[in-house]
Amino acid sequence: MVILVTGGAGYIGSHTCLELINAGYELIVLDNFSNSNIVPLHRIYEITGKHIKFYHADLLNKNSIEKIFMENKIDAVIHLAGYKSVGQSVQSPLSYYHNNVTGTLFLCQTMQKFNVTKMVFSSSATVYSINEGAISEDAQLGSSNPYGRTKLMIEEILKDLYVSDNNWSISILRYFNPVGAHSSGRLGEESNGIPNNLMPYITQVAIGKLEQLQIFGGDYPTPDGTGIRDYIHVMDLAAGHIRAIERVMTSTGVKAYNLGTGNGYSVMEMIIMFSQVSGRKIPYTIVDRRPGDVAVCYADPSMAKRELFWEAERGIEEMCEDAWRWQLINPSGYKEIVRKI
Ligand code: UD1
């Protein structure tokens, strides 16, 4: 079976591609490298011995997408390509709406033209407007920022698409907080500049690239006062995509699934665990809350367990160990190697 993975060179994409190859799928990757590069695809080859057919293409260029569908018999699409920074989306909303929404429209139009009706779409827990207790898929939706709204809009577009043509089969995956790396230390998350997210920030403090972590808020109504999130190992997330592909191939309809562990950990608990596994001190200061942050956000992942037969298997210790190994082996991410190529 042939799967087109848009954004396949990115953090989640590269780990998902590795799992797809291990599960026996044939892959085509489309990426414009706006926030990634070719190195992870080379490394997937090193790990698996399997080549990935790659197109350096942009979803906003409809002709180049059509070419991919013309040249290949594609059975399903995993659609991960998109901008993902909350802060940037507030600065440049038009580019976010254009890239994420228009790119998806072009992709869906092309899929329709070539009669490909199976899709797994990468969404985010950021689409939920509530933030108390375990969040289930029927919780109230709404987002406070343009990035989140692009995800919400795309979810609505995909639902409308199914209403118009019941042949479509679409799984929407709402990720909680993906962290960690492949256990080989060869694939991981590359941050451009200073990381926005907690785990890459911690790893860069641990290795001495950044001086100290700022904890955004120590006065949340949580046991230790710091924010609680549902961190999920990126390899568990990758496995979720395989289950979702299996589902879309054998059913029709459009359905959203939370991909999270169902367990919440505080910033402080993450710092303590990371210090333990790395043997490094993580200096920190507690500063004001970050605007837009919530106190607690964790998944009710029971729907994915029931319908996708998927459950996260890795705990925060493994997440921290793998993130640390990746950081140690690749202090500058993929960048140094890119310069040499
Ligand atoms: C963020 C995005 C979310 C996206 C997700 C992907 C925002 C507001 N939300 O979620 O849309 O889907 O990443 O993983 O950016 N923290 C610190 N210091 C730091 C960084 C983070 O204390 O330097 C804290 C935050 O306040 C939060 C926790 O760590 O309590 C996790 O933060 P982060 O990794 O940025 O993820 P989210 O904000 O949950």
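## Helix 8

Buried means under 20% relative accessible area, with over 50% called exposed and partly exposed in between (1.4 Å probe, protein chains only). By that yardstick, 12 of the 16 residues of helix 8 are buried, so the rest of the structure largely encloses this helix. Among them are V234, M235, D236, L237 and H241.

This is a predicted model, where local features need pLDDT of at least 70, side-chain atom pairs count only at pLDDT 80 or more, and totals for chains, interfaces and linings use all residues. Residues are numbered from 1 along each chain as its sequence is written, and side-chain values use heavy atoms, leaving out hydrogens and water.

Helices here are DSSP runs (H or I, at least four residues), as are strands (E, at least two), numbered from the N terminus. Helix 8 covers residues 234-249, and its end C-alpha atoms sit 23 Å apart, which agrees with the 22 Å it should span at 1.5 Å a residue (1.5 Å times one less than the number of residues).

## A four-stranded sheet

Next up is an open sheet of 4 strands in the order 6-15-10-13, with mixed pairing; two strands pair if DSSP finds at least two bridges between them. Strand 6 (134-135) and strand 13 (265-266) are the edges, each with a single partner strand, so one side of each has no neighbour in the sheet.

Strand 6 runs parallel to strand 15 (residues 296-299), joined by 2 bridges. A134 stands opposite Y298 in strand 15.
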